[in-house]
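Visitor: Could you take me through the inside of this protein, slowly? I'd like a close look at what packs together in there and at any empty space left over.

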Amino acid sequence: MAEEATKLTLRRLEAPIHKFIKVALPTDLERLQKHHNNVLKYQHSQQWDRLHQEHINASRTVQQLRANIREMEKLCSRVRAEDAAALERLVRPVRDRASSATQDFLLLHSNPAPQPTLSLPSPDVRASSGRLCADVEAEESVCGWHVQSQLPEIPARENAAESWDNLEEDLKELSGLVTTFSVLVHAVGYKLAVLPLAGAILGGVLGGPLGLLAGFKAAGVVAAVGGGALGFAGGNLVQKHRKGVLALQMKQLTAPPLEAGSGEDK
């Protein structure tokens, strides 16, 4: 078919794909892991202002991850069908790592403790584990005993509660994008006859019921494109809203404090 004739072998595209799976995405995922550790640390110590800022920073990293995954999607969609299996083996490790990191972050608030008690383990326990957790403000990864304990619930009055809601939505969108990417990689090897189903799946993941309905009702290749387009449009609207909220939060964090008496007449 004409569309397949325009595609390239995996060998031709392997170098740019490697830049994403070996450099760009691992860098983003390492940064996301640091945010994950800091969120644990600040929430355990109930430093709500620092937790709020960490949520915002994590949202920016999640948005960068989404952008890089979308760029990698474009490259992978140009690979010929006969190379689908090799492409799957190539991208699977970083895709699974992104999925795992996203799910781990989303689980942080799955079982909060309403009235937390922050207690250090005994010196003997700390010594036997080889990890001294005397300073919870350390910038290293969170100690094991912290990870095992429940997180205190963020008070609803704190800005960190709202910024977590925003971060959670960003993480869910990232999780959906990773799922979509998995479908696209598998679809590389499918015939055009099954693409309406892929269109419905993509529309459902990215655009909700509207994209899903369009993907199923339309016919042939148009169904795949239509479902995906509606889903992508819906995803873009949500993303623009999230970026606006994030920009406002960053502006509030970085705004200089008002000087005393600045509002008085001179």
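Guide: Here is a walk through the core, then the cavities, with one residue outside the core at the end. Keep in mind that this is a predicted model, so everything below is computed from it.

Let's start with the overall build. The protein chain has ten helices and zero strands, so if you trace it along the sequence, the pattern is simply α-α-α-α-α-α-α-α-α-α. Of its 266 residues, 42% are buried. Among the contacts with a separation of 6 or more, 80% join residues that sit 24 or more positions apart. As for the outside, the chain exposes about 15100 Å², and 56% of that comes from carbon and sulfur atoms.

Now for the inside. The largest nonpolar core has 43 residues, and the members that touch the most others are Ile 17, Leu 87, Val 91 and Phe 105. Four helices each give two or more residues to this core: H2 (10-44), H3 (48-76), H4 (84-106) and H7 (159-187). H2 gives the most, with eleven residues.

Phe 105 is a good one to zoom in on. Leaving out residues up to four places away in sequence, Phe 105 touches Leu 32, His 35, His 36, Val 39, Ala 58, Trp 164, Leu 167 and Leu 171. Try showing those side chains together on your screen.

Next, the empty space. Rolling a probe the size of a water molecule over the atoms shows where such space is left. Here the count comes to three cavities of 30 Å³ or more, and the largest cavity holds about 60 Å³ of space. Its lining is made up of Leu 25, Leu 65, Ile 69, Met 72, Val 94, Arg 95, Ala 98, Val 178 and Phe 181. H3, H4 and H7 are the elements that give two or more residues to that lining. By class, the lining has eight nonpolar residues, no polar ones and one charged residue.

Last stop: Ala 85, which is found in helix H4. Which side of the buried cut-off does Ala 85 fall on, given its relative accessible area? Ala 85 comes out at 46%, so it counts as partly exposed. Buried would require under 20%, and a core of this kind takes buried residues, so Ala 85 is not part of it. Across from Ala 85, you can pick out Val 185: the two are 100 residues apart along the chain, yet their C-alpha atoms are separated by 8.8 Å.

Conventions
Residues are numbered from 1 along each chain as its sequence is written. This is a predicted model: local features need pLDDT of at least 70, side-chain atom pairs count only at pLDDT 80 or more; totals for chains, interfaces and linings use all residues. Side-chain values use heavy atoms; hydrogens and water are left out. A nonpolar core is a set of buried Ala, Val, Leu, Ile, Met, Phe, Trp, Tyr and Cys residues joined through side-chain atoms within 4.5 Å. Buried means under 20% relative accessible area, exposed over 50%, partly exposed in between (1.4 Å probe, protein chains only). Contact means heavy atoms within 4.5 Å. Accessible areas come from the Shrake-Rupley method with a 1.4 Å probe; for residues, only the protein chains shown count as cover. On a 1 Å grid over the protein atoms alone, a cavity is a set of points where a 1.4 Å probe fits but cannot get out, and a pocket is an open set with protein on both sides within 12 Å along at least five of seven lines; lining residues have an atom within 4 Å of a point. Grid points are joined across faces, edges and corners, and a volume is the space filled by probe spheres set on the points. Ala, Val, Leu, Ile, Met, Phe, Trp, Tyr, Cys and Pro count as nonpolar, Asp, Glu, Lys and Arg as charged, and the others, Gly among them, as polar.
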